[in-house]
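Reader: I have just opened this one and don't know my way around yet. Could you walk me through it?

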Amino acid sequence: MTTLLLIEHDNKKLALSNYHLLTAASKLTEEIDVIIIGYQCESVVKEAQKLPRIKKVLVANASCYEHQLAENCSELIVSLAKNYQYIMASANTTGKNCLPRVAAMLDLAMVSDVVNIISSDTFERYMYAGNALATVSTKEPIKILTIRQTAFAKAAIDINQTIPVDNIDIIIPDSLATFVKQELTKTTRPELTAAKIIVSGGRGFKSAENFKLLEKLADQLGAAIGASRAAVDAGFAPNDYQVGQTGKVVAPDLYIAIGISGAIQHLAGMKDSKVIVAINQDPDAPIFAVSDYGLVADLFDALVEIENNIKDK
Amino acid sequence: MMKILVTVKRVVDYTVSIRVKDDQSGVDTANVKMSMNPFDEIAVEEALRLKEQGIASEVVAVSIGLPVCQETLRSALSMGVDRAILVETDLNIEPLSAAKIFKAIALQESPQLIILGKQAIDTDYNQTGQMLAGLLNWPQGTFASKMVVDKNSVQVTREIEGGLETLLLQLPAVITTDLRLNKPRYPSLPMIMQAKQKPFQVIQAATLQLDLQPRLKIVKVVSPQRKRAGIKVGSVKELLDRLKNETQVWQ
Ligand SMILES: Cc1cc2nc3c(=O)[nH]c(=O)nc-3n(C[C@H](O)[C@H](O)[C@H](O)COP(=O)(O)OP(=O)(O)OC[C@H]3O[C@@H](n4cnc5c(N)ncnc54)[C@H](O)[C@@H]3O)c2cc1C
Ligand SMILES: Nc1ncnc2c1ncn2[C@@H]1O[C@H](COP(=O)(O)O)[C@@H](O)[C@H]1O
């Protein structure tokens with residue numbers, strides 16, 4: 001039994017999600033190949049060669065793969081699929097874009113957003129914004145899965161190994177779609193999905209100007225910044241800060257929700273955090289029902305006080 | 001001018017606090033408020049705007065499921081959709097089956113654009129649009145937050161992990177909507193009245209000659225444990241003290 005993992009990367013670096021994906025994959029099969037589809041991605045290949053427990057690093061390195069478009073990447077994966085019993089990727093925008101297309105081209109059903117592996121063909125996943133946990137089994141000959149990063153521990157790299165590379169020279173030009181541009185949010189803070197501490201703000205901040213108050217606290221704590229949908233829609237924060245059913249799913253050691261009411265769609269993205277703190281002026285806000293520590297207070301007063309206290313130490 | 005197909009799924013309304021059935025067979029949907037999947041409302045809205053801009057000539061809505069899905073299609077017609085197709089079935093329709101049905105409809109209707117929601121908020125699969133694009137061998141613009149449609153192409157801005165990505169897709173193409181694409185309109189009373197006169201076609205899924213048998217088995221559905229015995233603290237100082245003394249996360 002062999003698994004193929006689709007590696008998430010930006011042609012320069014291996015994304016952290018891959019280490020979690022690998023942990024999930026190693027619960028299923030002994031043999032794991034990874035595939036890197038990209039262009040001028042030599043540094044990614046070098047990093048991938050240090051991934052523990054893998055057998056082969058497949059590399060499709062060509063200009064037509066630079067932007068990892070779903071159309072030709074899927075076709076490439078489909079051409080390799082018959083060698084594998086599992087094809088897996090992280091359940092983020094890259095994996096979710098590509099693998100369902102692959103599955104359909106192979107006439108296979110797939111299981112998305114897996115949070116637990118029960119057996120070789122049975123998995124757990126959430127439905128209804130995290131309010132129902134389903135156990136799903138599949139008899140498909142190739143099991144196609146996307147894996148929720150926060151549900152699996154991070155595998156450690158093995159610096160002493162250099163796994164062999166297998167170059168794939170199948171070139172699939174893409175005539176259907178062309179890349180135009182990318183606008184990435186610039187930040188020096190930790191990635192949301194990898195951060196140990198997240199400070200997250202909601203509509204309670206009332207303006208983009210006020211939302212900036214969170215930055216100071218985030219800097220003091222070395223935290224990432226998250227946001228509710230309401231805060232994103234109101235333009236307080238960029239869209240990729242959104243935590244929730246339709247945004248990012250996070251599970252940091254500490255999640256501090258400030259001025260967030262706690263709608264189920266928001267809870268879906270953060271309720272597995274180890275410790276949850278909520279600051280809200282409304283004592284009946286639903287966020288308190290999932291919080292370990294709740295402070296009923298005006299957020300602006302509380303923020304100042306927290307910052308001063310941290311400074312004093 | 002082009003025809004646009006939009007897909008609309010009937011789901012438990014997003015404000016409903018769902019209950020998992022005691023026998024673990026699924027979620028109780030009897031007597032709960034049902035609505036059009038919010039992402040599909042966004043799909044409908046986008047198609048209507050393209051019609052209002054003179055880019056599209058006709059907007060057709062499709063839903064798959066039990067006869068009650070007529071209600072969802074009526075909502076789409078009330079928003080301004082021209083025509084509705086219900087593909088009737090009592091099978092549990094998984095994303096692959098939905099994609100096969102939408103492909104069959106697309107081959108009959110020849111739309112230039114098919115707009116779906118990025119995910120159905122009941123099963124949260126996030127697969128159908130990508131599957132449909134794969135089956136049709138059309139380009140896909142998933143998680144779209146902006147669309148600019150031309151005669152032969154569509155420029156889509158997508159919400160991706162670290163920000164935004166813009167792609168140019170040749171038509172025909174498949175789009176899936178993200179929350180920030182637009183704000184859906186409410187149906188007006190005259191539109192609700194007009195909706196009753198609009199063409200409404202019912203197709204039995206069985207007549208499409210597709211393999212729609214479910215491939216996934218739902219072994220059980222449970223309510224995840226949650227709810228913490230959380231405490232309310234009296235002050236910022238108490239909060240920080242407790243974090244320091246009772247958890248390992250705060251140094
Ligand atoms: C299909 C769909 C998907 C969605 N996906 C997501 C998602 O992924 N993520 C997400 O977050 N939401 C999502 N939502 C939206 C969700 O339903 C809520 O609308 C949203 O989470 C509310 O954001 P909020 O808590 O910031 O705003 P509100 O609900 O308005 O809450 C603001 C809170 O701030 C408090 N407050 C105000 N002023 C102060 C003050 N001075 N001091 C202290 N507290 C104060 C108030 O008491 C209130 O509790 C989705 C909705 C739909 C329909
Ligand atoms: N039974 C259905 N009827 C109508 N549309 C559907 C159905 N199933 C899926 N869809 C469409 O596919 C999108 C994505 O669904 P999913 O892949 O299940 O998350 C939804 O937002 C709908 O637009």
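**A salt bridge to start from**

Author: The side chains of A:Asp219 and A:Arg189 meet in a salt bridge, with 3.1 Å from N to O. That pair links distant parts of the chain, since A:Asp219 sits in helix α6 (residues 213-221) of chain A while A:Arg189 belongs to the loop between β10 (177-184) and β11 (197-201) of chain A, and the two are 30 residues apart. Please keep in mind that this is a predicted model.

Reader: How many salt bridges does a search of the whole structure find?

Author: Over all chains, the search finds 32 salt bridges.

Reader: And how many of them does the rule find across the interface of chain B and chain A?

Author: Across that interface the rule finds four salt bridges. One of the salt bridges in the model joins B:Arg180 to A:Asp233, whose closest N and O atoms are 2.9 Å apart. Polar contacts also cross the interface of chain B and chain A, where 39 residue pairs are found with both partners at pLDDT 80 or more.

Reader: Which parts of chain B supply the side that touches chain A?

Author: At least two residues each come from the helices α3, α4 (128-136) and α6 (236-246) of chain B, and likewise from its strands β7 (140-149), β8 (153-160), β9 (163-170), β12 (216-222) and β13 (231-233). By class, the residues on this side of chain B divide into 36 nonpolar, 21 polar and 21 charged.

Reader: How many residues are in contact there, and what area do the two chains bury?

Author: On the chain B side 78 residues are in contact with 87 residues of chain A. Between them the two chains bury about 7,000 Å², and 56% of that area is on carbon and sulfur atoms.

Reader: Switching to the ligands now: where does ligand 1 lie?

Author: Ligand 1 lies between chains A and B. There are 31 residues around ligand 1, of which A:Arg203, A:Ser228, A:Ser261, A:Gln265 and A:Asn280 come nearest. The shell draws at least two residues from each of α7 (229-233), α8 (264-267) and α9 (299-312) of chain A, and also from α1 (38-52) of chain B.

Reader: What polar contacts does it make, say with A:Ser228?

Author: An N or O atom in the side chain of A:Ser228 is 2.5 Å from an oxygen atom of ligand 1. The side chain of A:Asn280 likewise places an N or O atom 2.7 Å from an oxygen atom of ligand 1, and a polar backbone atom of A:Gly259 is 3.1 Å from an oxygen atom of the ligand. Taken alone, ligand 1 exposes 990 Å², and the protein buries 87% of that. Its shell has twelve nonpolar, 14 polar and five charged residues.

Reader: And ligand 2, which residues come nearest to that one?

Author: Of the 17 residues around ligand 2, the nearest are B:Thr7, B:Asp40, B:Ala120, B:Asn126 and B:Thr128. A polar backbone atom of B:Ala120 is 2.8 Å from an oxygen atom of ligand 2, and one of B:Gly117 is 3.2 Å from an oxygen atom of the ligand. B:Ile64 has a backbone N or O atom 3.0 Å from a nitrogen atom of ligand 2.

Reader: How much of ligand 2 does the protein bury?

Author: The protein buries 97% of the 480 Å² that ligand 2 exposes when taken alone. In chain B, β4 (56-65), α3 (95-109) and β6 (113-117) each supply at least two residues of the surrounding shell, whose residues divide into seven nonpolar, eight polar and two charged.

Key: Residues are numbered from 1 along each chain as its sequence is written. Chains are lettered from A and ligands numbered from 1 in the order in which they are written. This is a predicted model: local features need pLDDT of at least 70, side-chain atom pairs count only at pLDDT 80 or more; totals for chains, interfaces and linings use all residues. Side-chain values use heavy atoms; hydrogens and water are left out. A residue is near a molecule or strand if one of its heavy atoms lies within 4 Å of it. A polar contact is a pair of N or O atoms within 3.5 Å; within protein, one must be able to donate a hydrogen and the other to accept it, and residues adjacent in sequence count only if both atoms are side-chain atoms. Accessible areas come from the Shrake-Rupley method with a 1.4 Å probe; for residues, only the protein chains shown count as cover. Helices (H or I, at least four residues) and strands (E, at least two) are DSSP runs, numbered from the N terminus. Ala, Val, Leu, Ile, Met, Phe, Trp, Tyr, Cys and Pro count as nonpolar, Asp, Glu, Lys and Arg as charged, and the others, Gly among them, as polar. Contact means heavy atoms within 4.5 Å. Buried area is the accessible area (1.4 Å probe) that two parts lose on being put together, summed over both.
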